[in-house]
Amino acid sequence: MYRNFVWSLVFIATVTHAGTLDELTSTETTNALKEALLQGAAKPVARIGTLDGFFGNPKIKIPLPENFKKADSLMRKMRMGKYSDELILTMNRAAESAAPEAKTLLFSAVKSMTIADAKTILTGADNAATQYFRTHTADALKAKFLPIVAQATERLKLAQIYDKYAGKATAFGLLKPEQSNLNDYVTEKALDGLYVTIAEEEKAIRANPVKQTTNLLKKVFGVLIQ
């Protein structure tokens, strides 16, 4: 079954089939993995960092915070769902604004990868590359996303929209007066959406290990399927 997993194939074939892979060094193998990871990072960022990147994708669309669910349900019954819809749209637009900033940090994580890191990914679980990204970028991305989300929410007047929503809900006793920190919430959900999308791209690359375009990847994967 390893034939379907690009990184496992590279590692196992390099170790067990040295007779046919003498021309491949560990550095070449690691560099091939890096190229695959760069592809696996660039596409998801481009996908979610655009209009409807979050809002139009049911898998990562940011919902109302959990403590808003009861209020949302009751408000919709009272035909006031437009307030929920406006808040949801605005939160997702804020996440879409922040997403492009992930590319630089994701690429940096790839470029700083060691041979030991590559081995861990190659012999790890199906989402090992995604977990590598999460481990090495989550804190930095949160710090990067939060001010951008804050700027976007200010530009999109999220605070006013939230105040309007909360005001309507509290008037009917549906929400407690204290406000949730929506910037933190949107930031966390934006990161979750990013890693979900990266995981999908990783799965696609693993499922098509020889569908690569660069010379180094062709060299590595061409040997593997001989």
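R47 counts as partly exposed, with a relative accessibility of 37%. In this predicted model, R47 has a salt-bridge partner in E201, and their side chains meet at 3.2 Å, N to O. Because E201 lies in helix α9 (residues 182-207) and R47 in helix α2 (residues 26-48), the pair ties together parts that are 154 residues apart in sequence. The partner is placed quite otherwise with respect to solvent: E201 counts as buried, at 8% relative accessibility. A further residue joins in, for K43, R47 and E201 are linked in a network of salt bridges.

**Salt bridges**

How many salt bridges does a search of the whole structure find? The search finds eight. Three of them are set out here with their N to O distances.

| Pair | N to O distance |
|---|---|
| E201 and R47 | 3.2 Å |
| R76 and D85 | 2.7 Å |
| K144 and E101 | 4.0 Å |

In the R76 and D85 pair, R76 is partly exposed at 36% relative accessibility, and D85 is partly exposed as well, at 39%. The K144 and E101 pair, bridged at 4.0 Å, links distant parts of the chain, 43 residues apart: K144 sits in helix α7 (residues 128-155), while E101 belongs to the loop between α4 (81-98) and α5 (102-111). K144 has a relative accessible area of 38%, which makes it partly exposed. E101 is partly exposed too, with 33%.

**A lysine without a salt bridge**

Now for a charged residue with other company. K34 is found in helix α2, the helix that also holds R47. Is K34 buried or exposed, and which side chain of opposite charge is nearest? K34 is buried yet has no salt bridge, and D117, the nearest side chain of opposite charge, is 8.0 Å away. A salt bridge calls for a nitrogen and a carboxyl oxygen within 4 Å. What the side chain of K34 does reach is backbone oxygen. One such atom belongs to M113, at 3.2 Å, and another to K111, which lies 3.3 Å from a polar atom of the K34 side chain. Once neighbours within four places in sequence are set aside, the contacts of K34 are V110, K111 and M113.

**The nonpolar core**

Moving to the interior, the largest nonpolar core has 50 residues. Within this core, L87, M91 and F133 are the residues with the most contacts. At least two residues are supplied by each of α2, α3 (69-77), α4, α5, α6 (115-122), α7, α8 (158-171) and α9. Which helix gives the largest share of this core? That helix is α7, with nine residues.

M91 deserves a look of its own. Apart from neighbours within four places in sequence, M91 is in contact with I62, P63, L64, P65, L158, L182, Y185 and V186. M91 also has T153 at a C-alpha separation of 7.4 Å, although the two are 62 residues apart along the chain. T153 lies in helix α7 and counts as buried, at 6% relative accessibility.

**Helix α7 in more detail**

Several of the threads above meet in α7. The helix has a kink of about 55°, centred on T137. T137 is itself one of the buried residues of α7, a list that also includes F133, L141, F145, I148, V149 and T153. Q131 is another residue found in α7, but Q131 counts as partly exposed, at 36% relative accessibility. Between Q131 and Y195 the C-alpha to C-alpha distance is 8.4 Å, with their positions 64 residues apart in sequence.

**Backbone angles to check**

Two backbone angles round off the picture. Most residues other than glycine have a negative phi. Just after α7, K157 takes a positive phi of about 60°. D52 likewise has a positive phi, near 70°, and is a residue other than glycine. Where is D52 found? D52 is found in the loop between α2 and α3, and with 35% relative accessibility D52 counts as partly exposed.

Methods: Residues numbered from 1 in each chain as written. Predicted model: local features only at pLDDT ≥ 70, side-chain atom pairs only at ≥ 80, totals over all residues. Heavy atoms only, no water. Helix = DSSP H or I, 4+ residues; strand = E, 2+ residues; numbered from the N terminus. Buried < 20%, exposed > 50% of the residue type's maximum accessible area, 1.4 Å probe, protein only. Core = buried A, V, L, I, M, F, W, Y, C linked by side-chain atoms within 4.5 Å. Contact = heavy atoms within 4.5 Å. Bend = angle between axes of the 7 residues up to and from the residue. Lys, Arg positive; Asp, Glu negative; His and termini not counted. Polar contact = N/O pair within 3.5 Å; in protein donor to acceptor, adjacent residues only side chain to side chain.
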